[in-house]
Amino acid sequence: MVVASSSSASSISSELGSLFAAFDADADGRISASELRECVRATLGAEAAVSAEEAEALVADADADGDGLLDAAEFARLVARLQQDAGEEDRHRGLRLAFGMYSETENNSMEGQAGCITPTSLRRMLARLGAHQDVDECRAMICRFDLDGDGVLSFDEFKIMMNAA
């Protein structure tokens with residue numbers, strides 16, 4: 001198992017080394033903001049291009065030694081951070097979709113709430129999933145995470161609930 005982990009780590013390291021080499025256009029062992037910008041444009045296309053200011057900000061944020069350039073280790077940290085940010089964006093998007101499934105999308109005549117999870121909308125979705133709860137049980141479930149006490153869950157309260165699970 002240790003061997004597999006080492007092999008996997010060296011494979012990731014070699015992939016990152018190849019990526020670093022591709023970004024390092026002048027092969028000086030460091031990536032400038034302009035090299036970063038040009039490689040992103042060439043690799044991902046014009047629609048994904050970053051501005052000169054964005055490239056400078058990315059380099060400055062990851063530049064631990066303050067020389068205005070990224071060495072291999074700084075580049076690796078930047079890539080890891082960007083991957084983490086992308087994962088968080090995916091999670092946020094997934095939570096939005098889940099929230100939409102549970103929430104009232106139109107004003108509910110009884111509860112008068114839109115864009116939130118009401119006891120009735122929670123009961124409806126749980127029933128679709130095969131868990132039959134009455135409205136009072138759903139109200140109690142919502143109450144645990146209803147931070148503003150309005151009897152429904154906003155998206156922010158829903159995120160807190162999902163992070164607690």
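User: How many aromatic pairs does the count come to, and what makes two rings a pair here?

Analyst: The count comes to 5 aromatic pairs, where rings of Phe, Tyr and Trp (its six-membered ring) pair if their centres lie within 6.5 Å, and planes under 30 degrees apart count as stacked, over 60 as edge-to-face and the rest as tilted. The model is predicted, so local features need pLDDT of at least 70 and side-chain atom pairs count only at pLDDT 80 or more, while totals for chains, interfaces and linings use all residues. Residues are numbered from 1 along each chain as its sequence is written, and side-chain values use heavy atoms, with hydrogens and water left out.

User: Why is the aromatic pair of F99 and F158 called tilted?

Analyst: The centres of F99 and F158 are 5.5 Å apart, and their planes meet at 55 degrees; because that angle is neither under 30 nor over 60, the pair is tilted. The pair links distant parts of the chain, with F99 in helix α4 (residues 72-102) and F158 in helix α7 (residues 155-164), 59 residues apart. Helices here are DSSP runs (H or I, at least four residues), numbered from the N terminus.

User: What makes Y102 and F158 an aromatic pair?

Analyst: The centres of Y102 and F158 lie 6.4 Å apart, with 40 degrees between the planes, so the rings pair and count as tilted. This pair also joins helix α4, which holds Y102, to helix α7, which holds F158, over a separation of 56 residues. F99, Y102, F155 and F158 form one aromatic cluster.

User: Why do Y102 and F158 count as buried?

Analyst: Buried means under 20% relative accessible area, exposed over 50% and partly exposed in between (1.4 Å probe, protein chains only). Y102 has 19% relative accessibility and therefore counts as buried, and F158, at 2%, therefore counts as buried as well.

User: How do you know that R96 lies over the face of F155?

Analyst: R96 is 3.7 Å from the ring centre of F155, and the rule asks that NZ of Lys or CZ of Arg be within 6 Å of the ring centre and within 35 degrees of the ring normal.

User: What is the nearest side chain of opposite charge to E157, and how far away is it?

Analyst: That side chain is R96, 12 Å away, and E157, although buried, has no salt bridge. A salt bridge is a side-chain nitrogen of Lys or Arg within 4 Å of a carboxyl oxygen of Asp or Glu. E157 lies in helix α7, and a polar atom of its side chain lies 2.9 Å from the backbone nitrogen of L147.

User: Why is the contact of R30 and D28 called a salt bridge?

Analyst: The N to O distance between R30 and D28 is 3.9 Å, which is within 4 Å, so the two side chains form a salt bridge. R30 has a relative accessible area of 33% and is therefore partly exposed, and D28, at 36%, therefore counts as partly exposed too. A search of the whole structure finds 6 salt bridges.

User: What makes D136 count as exposed, and what does R139 count as?

Analyst: D136 has 54% relative accessibility and therefore counts as exposed, whereas R139, at 42%, therefore counts as partly exposed. D136 and R139 form a salt bridge with their closest N and O atoms 2.8 Å apart, and both lie in helix α6 (residues 135-143), 3 residues apart, about one turn of the helix.

Notes. Helix = DSSP H or I, 4+ residues; strand = E, 2+ residues; numbered from the N terminus. Lys, Arg positive; Asp, Glu negative; His and termini not counted. Polar contact = N/O pair within 3.5 Å; in protein donor to acceptor, adjacent residues only side chain to side chain.
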